[in-house]
Every structure is written in C-alpha cells, then in structure tokens.
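Biologist: I have a new model open and want to go through it. Can you take me round?

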Amino acid sequence: MTTAFPYLSALLTLSILSIHQAALASTQNGHYNIKTLNFTLYQHETINKTGFIVVDGVSGVGVSQTTTPFGTLYVFRDNLTTHVGGSSRFAGVAEGTSLTTSFDGLRSLSIAKITLNLNGYEGSISIVGGTHNTKPSEYPVVGGTGDFLYVLGHIRSTPVDLSGLTVVYRIDFFLYWPPYAATAPK
C-alpha cells in the first residue's frame, strides 16, 4: 500500500494543477468577450428650472448652489450634453431625486435614471448612491433598458462649475456587458 501512495499523490497534484490552469484560462478568455463602453457627458442643472426642492429640510445649513438642509427632497430632470457648454450637442436626460443626508448639507442619497441617445446607443441606465455636492461621487449602475439591458459598471460625477445659476457636472461612464448579456433574453 505504501508504494501506491506516491503515485496517488502525484496524480492528485497533477489533477489540481490541471483544474487550476483550466480556471485561469477560463478567466482570461472571459475578459476577451466583455463589451465595454466609456464616455463623458455634462449635466446642466438650473435651480427652479430643471431641479426643484419639493420638501424643505428640517435643520442644518441653508439653501445654496451646493447645500440644502438635512432632510431636503430635491427632484431634477437635467439635460446631458457632449461638451461643457450648455449649447453643445444634446445626448440625453438625467432624471431623479436626492435626499440630503448630512447636517452640513453637502451629502445626499441619489437615485437617477439616465436616458441616452448617443453614438448609436439608445436606452436608459439606472444608478443609486451617495452624492457629495462639491467632490467627485461614484455610483454603481444597477440596471438598464434598450441597448443598455444587462449593463454593469459605474458612473463618476465631478463638479465642473458650481458658481452660476446653472451648475455643471462632468459625468464619466464606465460600462460593460457581462458575457451572458449576448445570449440573455431581450
């Protein structure tokens, strides 16, 4: 029995190595099948024109271009353009709501649907996450429709101009479709 043990051990080791190499090959080949899409748009939000306070907050700082009192419910429907200027090419709409969650008025919980018609892609992307009004914020993509069905990834919103009546944010999209999206029902 002791003479069979080295052969069994060698066979087991080779089997484990084969399984490990197959798993690595599967992971590496999987990356080649992932469709990605990265692009940048600009969100233009004008207070009392495309964004409105619908419930006043209860305490904290006052209303400004960058702050709202704790508990403020804010809704928006903002145009998205291809360049920082508001008159550049229209690419879609961001619509959603934010609820101020900090007493300094700078942070909120945001939910948005971004509807796009850009470079042959049509559909919407849904995001949810925390917003900081004066710093970059990251949002996970939680769903999509149309050409964005099954899309995953994240979106980064960065303030560009917070000084005027219309505030501008740079929106960077980092999207990908997992391999199953190509064969999933539509």
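Modeller: One term before we start: two strands count as paired if DSSP finds at least two bridges between them. With that in hand, take P159, whose bridge partner in β9 is Y169. Bear in mind that this is a predicted model.

Biologist: Which strand pairs with β9 there, and over how many bridges?

Modeller: That is strand β8, residues 152–161, joined to β9 by nine bridges. The two run antiparallel. A hairpin of four residues connects β8 to β9.

Biologist: And what does strand β1 join?

Modeller: Strand β1, residues 35–46, is joined to strand β9, residues 166–177, by twelve bridges, again antiparallel. One opposed pair there is T46 and T166.

Biologist: Back up a bit. What elements does the chain have?

Modeller: One helix and nine strands. Read from the N terminus, the order is α-β-β-β-β-β-β-β-β-β.

Biologist: How many residues, and what share is buried?

Modeller: The chain has 186 residues, and 35% of them are buried. The accessible surface is about 10,800 Å², with 63% of that belonging to carbon and sulfur atoms.

Biologist: What share of the contacts joins residues at least 24 apart?

Modeller: Among contacts between residues at least 6 apart in sequence, 49% join residues at least 24 apart.

Biologist: OK, the inside. How many residues are in the largest nonpolar core?

Modeller: It has 27 residues. L116, I125, F148, F173 and L175 have the most contacts inside it. The elements giving two or more residues to this core are β1, β3, β4, β5, β6 (121–132), β7 (137–144) and β9.

Biologist: Which strand gives the largest share?

Modeller: β9, with six residues. As general background, nonpolar side chains in soluble globular proteins tend to be buried together.

Biologist: Pick F173. What does F173 touch?

Modeller: Leaving out residues up to four places away in sequence, F173 touches L37, N38, F39, L41, I114, L116, I125, H154 and I155.

Biologist: Now the charges. How many salt bridges are there?

Modeller: The count comes to five. Among them is R77 with E95, where the closest N and O atoms are 3.6 Å apart. This pair links distant parts of the chain, with R77 in strand β3 (residues 73–81) and E95 in strand β4 (residues 90–100), 18 residues apart.

Biologist: Which residue stands opposite R77 in β4?

Modeller: E95. So R77 has E95 both as its opposite number in β4 and as a salt-bridge partner. Strands β3 and β4 pair in the antiparallel sense over nine bridges.

Biologist: Which other side chain does E95 meet in a salt bridge?

Modeller: K113, at 3.7 Å from N to O. E95 lies in strand β4 and K113 in strand β5 (residues 107–118), so the pair ties together parts that are 18 residues apart in sequence. R77, E95 and K113 are thus linked in a network of salt bridges.

Biologist: Why do E95 and K113 count as partly exposed?

Modeller: Partly exposed covers relative accessible area between the 20% limit for buried and the 50% limit for exposed. E95 counts as partly exposed because its relative accessibility is 25%. K113 counts as partly exposed because its value is 36%.

Biologist: What about D104, which side chain does it meet?

Modeller: D104 and R107 meet in a salt bridge at 3.2 Å, N to O. D104 is partly exposed at 32% relative accessibility, and R107 is partly exposed at 39%.

Biologist: Switching to the surface. Which residues form a nonpolar patch?

Modeller: F52, V54 and V55 form one, with about 230 Å² of accessible area together. F52 is found in strand β2, residues 51–55. At 34% relative accessibility, F52 counts as partly exposed.

Biologist: What is the bridge partner of F52 in β3?

Modeller: V75. Strands β2 and β3 pair in the antiparallel sense over four bridges.

Biologist: And how many bridges pair β1 and β3?

Modeller: Three, antiparallel. In that pairing, Q43 stands opposite L80 in β3.

Technical notes:
Residues are numbered from 1 along each chain as its sequence is written. This is a predicted model: local features need pLDDT of at least 70, side-chain atom pairs count only at pLDDT 80 or more; totals for chains, interfaces and linings use all residues. Side-chain values use heavy atoms; hydrogens and water are left out. Patches are made of residues with over 30% relative accessible area and no salt bridge: like charges are joined within 9 Å, nonpolar side chains (Val, Leu, Ile, Met, Phe, Trp, Tyr) within 5 Å. Accessible areas come from the Shrake-Rupley method with a 1.4 Å probe; for residues, only the protein chains shown count as cover. A salt bridge is a side-chain nitrogen of Lys or Arg within 4 Å of a carboxyl oxygen of Asp or Glu. Buried means under 20% relative accessible area, exposed over 50%, partly exposed in between (1.4 Å probe, protein chains only). A nonpolar core is a set of buried Ala, Val, Leu, Ile, Met, Phe, Trp, Tyr and Cys residues joined through side-chain atoms within 4.5 Å. Contact means heavy atoms within 4.5 Å.
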